[in-house]
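Thanks, I'll keep this brief. Please look at the model first, and then I'll go through two helix pairs and the surroundings of one DNA strand.

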There are 2 protein chains.
Amino acid sequence: MTSRRPTISDVARAAGVSLGAVSFALNGRPGVAPETRDRILAAAKELGWTPSHRARALAASRALAVGLVIARPPETLGSDPFFTEFIAGIGLALAPLGQSLLLQVEPDRERELAGYRRLAAEGRVDGVFLTDLRVGDPRPALLAEVGLPAVWIGPDCVGSSLPCVAVDDRPGIVAAVAHLVELGHQRIAHVAGPDEFVHGVSRREAWAGALKAAGLPEGPCVRSDFSAQGGADATKVLLDLADPPTAIVYANDLMAIAGMAAAAARGFDVPRDLSITGFDDTEVTGHLQPALTTVHADAYAWGKAAAEQLVAVIDGRETSNADLPPPHLVIRASTAPPRSSPLSHTPNRSTHEPDH
Amino acid sequence: MTSRRPTISDVARAAGVSLGAVSFALNGRPGVAPETRDRILAAAKELGWTPSHRARALAASRALAVGLVIARPPETLGSDPFFTEFIAGIGLALAPLGQSLLLQVEPDRERELAGYRRLAAEGRVDGVFLTDLRVGDPRPALLAEVGLPAVWIGPDCVGSSLPCVAVDDRPGIVAAVAHLVELGHQRIAHVAGPDEFVHGVSRREAWAGALKAAGLPEGPCVRSDFSAQGGADATKVLLDLADPPTAIVYANDLMAIAGMAAAAARGFDVPRDLSITGFDDTEVTGHLQPALTTVHADAYAWGKAAAEQLVAVIDGRETSNADLPPPHLVIRASTAPPRSSPLSHTPNRSTHEPDH
DNA sequence: TTGTACGCGTTATCAT
DNA sequence: ATGATAACGCGTACAA
């Protein structure tokens, strides 16, 4: 009664041909007469045959899957919208390529490396994504050692020995600073992500560079950790300065939102007394009071590009490093001319962003 | 030069024993003399042998992986913290069980079903998780049809033919209503998720039931969609009522946060004029102005329990439906006695929640 | 303990 | 050109 799933042997028997012929017919390869092919396909359909992924993987010596290793404490994961959208982009791009996404969650850094090792050793995946790149990251060397194809996803492809998807976050930060400068701000601070991460560094450097380009002195910068608590703490530090900034550029939305609340709790009116910008354009940012001016990054598109790049690398196709449309600034209500500015009498903007 | 990875045949040759003996030794099964076993293990180590997942999967007729199919537009995914934490819980629980998590992202409902079908047909996974359960969900029947083990993750295991992890969100909502009643609120509204989802319905029913239990008339309820925009719109509807509520219980944080901003934009002071509660306890909620009173749900623990349950089901072990610690209310600053209440002169709570 | 068939599709070799 | 045959990938399980 346990109706075993049909194999190509069953199909071969039903169609009265050999095993090899079935395989050729099913894979659309030459060497099979058209009518034979039709008969085979009909038999396969009749029997409800579907390819066994397991057998196919073994025969092809390919896993037909790609991996993503996540080594973060779960709390910081949940609050990172980038991540989920990135995964969605990967997943949707993989399906039509016949690949699956294997997710491996590791509790810490040591096991992260072990996780990559395991994926490679077991042959569970044909390639992996490298995200959350760190300065002096040990993973590229590890992957080279175990011979696992990978794509590097980060703000800077220069110096990467790996194929790379450039997700350049710098233009977004530059646009934010330019916007603030245009409003008349002179003391523009930054709440940065950890120096450990390249996107922590690149955003900070973009901020510093934009100030310099505007002919302004470098404002105060507090290294933080991308968390809400970190953003709140950093904000308090900045507001406690003898000469507090009139605007703060945050390295992500979460810190910016927490910073906005921290400033409000100290009696600062945003944006009257303090302008604030975020990064990510989380869904909630457009629905805060005031709505947050932030940088919109298309994590979904990045995931899609990364997936296509990785599969191309695995297939041995030549790939150009994909350059993606840069993030752009979404101006909402958390930025305004500084109090001291001659521009500050401009009418307050609406709380709600225009439809787009 | 292409040093092929070692197989158990290589190990067998090196140790001077048969294939079967190697398999037995490596799997720690009886029938091998201790010294022989040691020799085999030494040889394996020497050669750097690691099991081939592909071969093992084929031989065992098991995928050694479980699947999670996600069928949501990427936007709503990114803003759902529950989801990512849930995945992290699954992933961490799976690793020690030798299982991997296969993530499949589908763009819509039709392809969602096709996605499950494909996972089953290809034998890519040994079982799947069923989340985001809908009323009259077609998936249990589909999975029964294709014979794919599954665990049902939802607020109510009653009526589920599948093994189930009960993630009962109702006590959290009940606690929120009770808290508001205790503060003196009489008109407590609800902004619900879609009736389509069981967790949309269960939260709404919990709210209605808690009001009845408190002897209060059922307040107004607006069906929404768990999105920020939906939360804002629903809030405006409620505030436009002839007799607006003094408190609103939202079915998730995102709607609550947007609702808070919408109320503020209308000149309502939260919590003086309107009390608000959320659901999820997103990281950001503790860092809003005012900080949001919300229900803390341990998505991480739920994921862990679901993973363990699923693997148990796959292994044919008998499982009791796991009942998890219920979510609990985290009282912050967005709730206070209503203006009209005799209690409303109680001192305002601090903006920040106590450490916990 | 050993030998070997098995799981299932892919691909190279060979016969017609 | 068409199709059959067999080896292969790699570990598991059972008979010998």
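A definition before the first pair: helix axes here are lines fitted to C-alpha atoms over the stretch in contact, and angles run from 0 to 180 degrees between N-to-C directions. Bear in mind that this is a predicted model.

In chain A, α2(A) packs on helix α3, residues 34-47, at an angle of about 90°, and the two axes are 9 Å apart. Angles of 65 to 115 degrees count as roughly perpendicular, so α2(A) is roughly perpendicular to α3(A). On the α2(A) side, the contact uses A:Ala21, A:Val22, A:Ala25 and A:Leu26. From α3(A) come A:Thr36, A:Arg37, A:Ile40, A:Leu41 and A:Ala44. By class, that contact has seven nonpolar, one polar and one charged residues.

Next pair, also chain A. Helix α11, residues 228-239, and helix α12, residues 253-265, have axes that come within 7 Å and cross at roughly 50°. That angle makes α11(A) oblique to α12(A). The crossing is right-handed. Among the contact residues are A:Gly230, A:Gly231 and A:Ala234 of α11(A), and A:Ala258, A:Gly259 and A:Ala262 of α12(A). The class count for this contact is 11 nonpolar, four polar and one charged.

Now the DNA. Which residues are closest to DNA strand C? They are A:Thr7, A:Ala55, B:Gly20, B:Gly31 and B:Ala33, out of 29 that surround the strand. Helices α2 (19-26) and α4 (53-60) of chain A, and α2 (19-26) and α4 (53-60) of chain B, each supply at least two residues of the surface near strand C. By class, this surface has 17 nonpolar, 10 polar and two charged residues.

Note on methods
Residues numbered from 1 in each chain as written. Chains lettered and ligands numbered in written order. Predicted model: local features only at pLDDT ≥ 70, side-chain atom pairs only at ≥ 80, totals over all residues. Near = placed C-beta within 6 Å. Helix = DSSP H or I, 4+ residues; strand = E, 2+ residues; numbered from the N terminus. Nonpolar A, V, L, I, M, F, W, Y, C, P; charged D, E, K, R; others polar. Parallel < 35°, antiparallel > 145°, perpendicular 65-115°, else oblique. Left-handed = near helix turned anticlockwise from the far one by under 90°. Contact = placed C-beta atoms within 7 Å.
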